[in-house]
Amino acid sequence: MNRRYLFALAFLVAVGVTACAGGGVTEAPPAFVNTPQGNRVEALAMTTPRANAGAIRLRDGRVLICGGTATGEIGGVLSSAELYDPVARTFTPTGSMTVARTGQTITMLRDGRVLLTGGDQNAGYRSQLASAEIYDPSSGAFTATGSMSTPREGHTATMLRDGRVLVVGGSPNGIQTTGSAEIYDPTSGTFSRTGHLNQPRVAHVAALLGTGEVLIAGGGRGGMPGGYISYDTAEEYDPVRGRFTAIRAHMTSDRVGAAAVKLNDGRVLIVGGKSGRIMTSRVRNLGSLTPLNTAEIFDPESGTFIKTGDMSAPHYLGTATLLNDGNVLVVGGWRIQGPVVVGMRDAEVYQPETNRFFRAGQTNVARLTNTATLLNDGEVLIAGGVAEKGLITASVEFYSPKQHRFLMLPETSGATE
């Protein structure tokens with residue numbers, strides 16, 4: 001009997017999907033779409049199924065999608081990568097990573113190269129990586145760069161104003177949590193230790209503020225007596241002093257596995273995640289944490305957290321993408337279907353001027369740990385993730401802010417609908 005799927009992200013409750021036993025296929029079947037001529041054809045898709053991959057828009061408008069897991073099983077973590085060309089509407093393979101990775105961070109450097117750090121190399125305990133690598137779009141190749149001082153999963157990587165990258169927290173072994181941080185210098189290709197968190201954190205959020213400091217908020221800590229602890233605390237990293245300082249104000253809720261994005265006015269929107277405070281039923285949730293439909297804003301000027309309107313559905317491990325009009329698209333997340341963890345179709349848009357969320361329709365395919373990447377034309381590429389029945393999908397779709405809906409394209413199409 002096979003394992004249906006297994007993500008080896010931090011502490012199960014924080015940054016991953018639980019294992020479910022059962023036989024059957026681990027790859028979701030292809031999605032289909034009707035052409036303008038009325039023919040039912042296979043929809044545009046990635047070259048391989050991927051969940052918990054990394055994705056980023058390159059300077060030329062193409063999208064790099066790399067790593068992740070294709071099966072969720074031991075040996076299912078990928079080293080392969082591919083490029084989406086928005087002009088040709090095609091996915092093509094590019095060079096492979098030096099190491100198979102899932103849950104790695106992905107950061108655009110000033111020179112257009114892409115930094116990947118940490119993640120997991122396999123499903124299971126002590127599969128976390130300390131290594132890092134660079135993708136060069138001009139050559140299509142990945143090359144190893146300096147290694148971090150400790151293996152990390154569930155960490156964050158934030159580019160500072162001077163072009164260096166701050167790497168914070170995470171888990172070194174899938175059980176414990178680290179409060180260490182380090183800086184990657186693209187000039188030397190090396191990591192160096194910097195400061196130390198006031199609280200060790202995994203599955204937290206991070207955002208560069210207008211002051212040049214970095215907000216670190218929420219997350220949790222494993223390996224503690226009594227089980228997993230989730231945080232409503234936050235702190236700021238000062239790159240000049242190389243220190244973390246606790247923020248006096250607390251978040252409106254403790255949150256682990258939330259998503260965050262800096263708004264055009266410099267404030268930071270933090271959405272969803274799970275809380276340890278709420279039990280909505282007598283049935284015990286995984287880790288006693290409950291998915292949240294709430295969100296909040298961090299205001300750097302006042303140093304306070306302000307509650308927003310609620311979302312229509314809880315989004316734990318969802319994605320948040322800043323759109324060209326200043327609104328934020330929230331897609332996907334965790335849903336329990338019997339004994340299986342599956343993706344969700346719910347999506348919403350946050351409007352800063354009203355401080356409210358509005359339904360954005362539903363995705364064509366349910367998604368969890370998918371990627372969401374803003375394209376040059378203002379659409380958002382939604383790719384991969386865990387779909388229905390806990391199966392991992394290669395399918396992709398596009399959110400159109402103009403049409404306020406999600407579109408799937410025929411595989412043979414060279415133009416948008």
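Start with the largest nonpolar core of this predicted model: select Ile65, Tyr84, Phe91, Leu381, Val396 and Phe398, which touch the most other members among its 15 residues. Then colour strand E6 (63-66), strand E35 (380-383) and strand E36 (396-400), since each of these supplies at least two residues of this core. In soluble globular proteins, nonpolar side chains tend to be buried together.

Keep Phe91 selected and expand to its contacts. Leaving out residues up to four places away in sequence, Phe91 touches Leu44, Ala45, Met46, Thr47, Ile65, Glu82, Leu83, Tyr84, Leu381 and Val396. Now show the rings of Tyr84, Phe91 and Phe398, which form one aromatic cluster. Add Arg89 to the view: this arginine lies over the face of Phe398, at 4.4 Å from the ring centre. Another arginine placed over a ring can be found at Arg40, which lies over the face of Phe32 at 4.3 Å from the ring centre.

Next, go to the second, separate core. This set has 13 residues, including Leu209, Ala234, Met251 and Phe298. Stay on Phe298 and bring in Phe305; both residues are buried.

Now turn to the aromatic pairs, of which the count is nine. One of them joins Phe298 and Phe305: the ring centres are 4.9 Å apart and the planes meet at 45 degrees, a tilted arrangement. Tyr399 and Phe406 form another tilted pair, with 5.0 Å centre to centre and 50 degrees between the planes. Tyr399 counts as buried because its relative accessible area is 2%, under the 20% cut-off. Phe406, at 6%, is buried by that cut-off too.

Leave the side-chain packing and display the open space. The largest pocket holds about 2,000 Å³. Its lining comprises 46 residues, and those nearest the centre are Ala55, Ile106, Ala260, Ala320 and Ala372. To see which strands build the wall, select the following; each supplies at least two lining residues:

- strand E5 (54-57) and strand E9 (105-108)
- strand E13 (156-159) and strand E17 (205-208)
- strand E23 (259-262) and strand E29 (319-322)
- strand E34 (371-374)

Enclosed space comes next. The structure holds two cavities of 30 Å³ or more. For the second largest cavity, with about 30 Å³ of space, select the lining: Ala203, His204, Val205, Ala217, Gly218, Gly219, Met251, Arg255, Val256, Gly257, Ala258 and Ile270. Met251 in this lining is also a member of the second core.

For contrast, select Ala144, in strand E12 (residues 141-145). Is this alanine buried or exposed? Ala144 counts as exposed because its relative accessibility is 59%, where the cut-off is over 50%. Beyond neighbours within four places in sequence, Ala144 is in contact with Thr98, Ala132 and Glu133. To check the local spacing, draw a distance between the C-alpha atoms of Ala144 and Ser131: these residues are 13 apart along the chain, and the separation is 7.7 Å.

Finally, zoom out to the whole protein chain and switch to a cartoon. The chain has zero helices and 37 strands. Colour by accessibility: buried residues make up 58% of the 417 residues. A contact map completes the tour. Among contacts with a separation of 6 or more, 52% come from residues 24 or more positions apart.

Note on methods
Residues numbered from 1 in each chain as written. Predicted model: local features only at pLDDT ≥ 70, side-chain atom pairs only at ≥ 80, totals over all residues. Heavy atoms only, no water. Phe/Tyr/Trp six-rings, centres within 6.5 Å; stacked < 30°, edge-to-face > 60°. Buried < 20%, exposed > 50% of the residue type's maximum accessible area, 1.4 Å probe, protein only. Lys NZ or Arg CZ within 6 Å of the ring centre and 35° of its normal. Core = buried A, V, L, I, M, F, W, Y, C linked by side-chain atoms within 4.5 Å. Helix = DSSP H or I, 4+ residues; strand = E, 2+ residues; numbered from the N terminus. Contact = heavy atoms within 4.5 Å. 1 Å grid on protein atoms, 1.4 Å probe; cavity = no way out; pocket = protein on both sides within 12 Å on 5 of 7 lines; lining within 4 Å. Points joined across faces, edges and corners; volume = space filled by probe spheres on them.
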